[in-house]
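Here is a short note for someone opening this entry for the first time. Please keep the sequence and the 3D view at hand while reading the points below.

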Amino acid sequence: MARSRQRGSPAGAVSKMVVWSIVERREVCVRTNAAESDCPVWVPEPAELSDVELLLDGAFPALDGFLGAEDAESVRTAGRLADGSPWPVPITLRVPDEIAAHPRVELRDQEGAPLAVVENIAPWRDERYAHLAGPVRAVTAERSRLLRMLRPPADVVRAGLPPGPVLGVVPDEPLDRARLAQIRHAAGELGATVLLLPRLTGPRPETLVRATFAAQAELPEGTAVVPVPLTSHGDGKQDDLLAAHVAAAYGATHLLGDRSMEHVPVTVVEPPEVARGAGDRWLPAALVPAGERRPGLSDDELQQLLDSGTPLPEWFATAPIAEEWARLRPPLHERGFTVLFTGLSGAGKSTLASALRDELARLDRRQVTLLDGDVVRRSLCAGLGFSPEDRSRNVRRIGWVAAEITRHGGAAICAPIAPYAADRDDVRRRVREVGEFALVHVATPLDECERRDRKGLYARAREGSLPEFTGVSAPYEEPEDADLVLDTSRMSVSEAVAEVVALLGARGWVRSWTSG
């Protein structure tokens, strides 16, 4: 909330707190908490947790907490707080209505560690969600994690910078030699200290941090590195504007970026044009004759090299930074992936998933994990029923596990019914943040699925003794975005698996041992 806009009266306190699940936001359990025993606990989404960290660090200088309705609307429509101060992005926190009713809410990180308390003085609601609004204060001064320890509060960073101009740079990928040459030249023209603020975003934020520290050796003495949890809020232009405000909070007087940005508290400097000349050195373009200029790498060429595992040329990136590029985007044949089979009960999903696991064990070096629908329901999802809500929980739990397997370079094969498009989309989103994903629709016709039914489930559903049965008394939303559609009534198991393997091979995810 903007400091000038604090108002509202708190509601009554309660003696117990509700701890909301990280993965299933509607599941509730009651616990006690020694630190803030009179308030509920909420675990925000990862992007919202990043906002909490920056608020606590003083990196959002116009704010001391989450915005109320008036400020949020003013920022959304006019790019300013209600008091007229420029601010590009509504910093808000969505919560369930039950949480928004309390005058104080404790925020925890994804591992359940207490992080902050929101003094909820002006809660509000839009058409879909309730929001907390009010100042945010830290629960503890302890900074136990390495990436947090590398980021002192904004005022500490500012105090540690030397007097004079400070050139802020907010990289979201490792700095190649051309980008380093731009930074050196711009800093030299300004006589500025360089302040690198790598974004802690994506599945491997530590990789970008390592790459940025590796870049220090290539930049002027005194270059500072402060990793910041600056995530995307969905609009590239607004994200750039927010980055300018954050850079200023940490002490930047200038920012390397797009000069068309307006109403920012720093002077924006366009990256100078550089060219690769003789000796593969990157220099200001004016110093390299046109006839001696050599091409760089396009974004597409860079991705092709990384996807194939081809070493990056030495003229493009220093060896330590090239190593981090390879960690950030491993070769396709070493990258984790998930195959999600979806279809009606009896369609053949489990049979195909098991056969694919065996085939991958023969073809590929990755560890393969099978998450079969029936097996998962007896273990990971034990206790869930077959209501629409429980079906969603079942699939999203599978997706969370599959994403973790994918993150660590393994192959996850999933075979739930997964009847709802929104849940399949959620799995796709989670997995694609960390690796590759393929959706296979096992589109065996309903009458064939019923004919195969050895357990008599369809018959029970038809007679009404088995409610909420997909395809009979519960809906199945056929995917319109499947990467592959298979009908096991028209092909053998080996033929179907061969099509899946062909898809994985065509995408470069799988290759046989004999191909190196």
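**Notes on the predicted model**

1. Start with the contacts. Among those in the protein chain between residues at least 6 apart in sequence, 66% join residues at least 24 apart. Keep in mind that this is a predicted model.

2. Next, the overall build. The protein chain has 17 helices and 22 strands. Its C-alpha atoms fill a box of roughly 80 × 70 × 40 Å along the principal axes. The chain counts 516 residues, and buried ones make up 49% of them.

3. Now the small open sheet. What is the order of its three strands? The order is β5-β9-β8, and the pairing is antiparallel. The edge strands are β5 (93–95) and β8 (124–125), each of which pairs on one side only. Strand β9 covers residues 130–132 and pairs with β5 over three bridges, in the antiparallel sense. To find this pairing in the view, look for Arg94, which stands opposite His131 in β9.

4. Cysteines come next. How many disulfides does the structure hold? The count is zero. Take Cys449: this residue is in no disulfide, and the nearest cysteine sulfur, that of Cys414, is 19 Å away. A disulfide needs its two sulfur atoms within 2.5 Å, so a separation of 19 Å rules out that pair. Cys449 is buried, with a relative accessible area of 1%. Cys39 is buried too, because its relative accessibility is 0% and the cut-off is under 20%.

5. Arg199 deserves a close look. It lies in the loop between β12 (193–196) and α7 (205–215). Which side chain of opposite charge is nearest to this buried arginine? The nearest is Asp240, 4.4 Å away, and Arg199 has no salt bridge. The cut-off for a salt bridge is 4 Å, so the Asp240 pair does not count. A polar atom of the Arg199 side chain does lie 3.2 Å from the backbone oxygen of Leu230. Beyond residues up to four places away in sequence, Arg199 touches a list of residues including Val170, Pro171, Asp172, Leu208, Asp239 and Ala243. Leu230 and Asp240 are also on that list.

6. On to charged pairs that do meet. Side chains of opposite charge can pair when their charged atoms come close. A search of the whole structure finds 34 salt bridges. One of the pairs is Arg108 with Glu106, at 2.8 Å from N to O. Are these two residues buried or exposed? Both Arg108 and Glu106 are buried.

7. Another salt bridge spans a long stretch of sequence. The side chains of Glu436 and Arg335 meet at 2.8 Å, N to O. Glu436 lies in strand β21 (residues 436–442), while Arg335 sits in the loop between α10 (319–328) and β18 (337–342), so the pair ties together parts that are 101 residues apart in sequence. Arg335 is buried, with a relative accessible area of 5%. Glu436 has 19% relative accessibility, so it still counts as buried under the 20% cut-off.

8. A further pair sits within one helix. Asp426 forms a salt bridge with Arg430, and the closest N and O atoms are 3.2 Å apart. Both lie in helix α14 (residues 421–432), four residues apart, about one turn of the helix. Asp426 is buried, with a relative accessible area of 9%. Arg430 is partly exposed, at 21%. Which residues join these two in a network of salt bridges? The network links Arg396, Asp423, Asp426, Arg429, Arg430 and Glu433.

9. Last, a residue in helix α10: Ile321. Its relative accessibility is 0%, so Ile321 counts as buried. Leaving aside neighbours within four places in sequence, Ile321 is in contact with Pro174, Leu175, Leu180, Ala211, Ala214 and Ala215. The C-alpha atoms of Ile321 and Leu208 are separated by 9.2 Å, although the two residues are 113 apart along the chain. Leu208 appeared earlier in this note, as one of the residues that Arg199 touches.

How values were computed:
Residues numbered from 1 in each chain as written. Heavy atoms only, no water. Buried < 20%, exposed > 50% of the residue type's maximum accessible area, 1.4 Å probe, protein only. Pairing = 2+ DSSP bridges. Helix = DSSP H or I, 4+ residues; strand = E, 2+ residues; numbered from the N terminus. Lys, Arg positive; Asp, Glu negative; His and termini not counted. Polar contact = N/O pair within 3.5 Å; in protein donor to acceptor, adjacent residues only side chain to side chain. Contact = heavy atoms within 4.5 Å.
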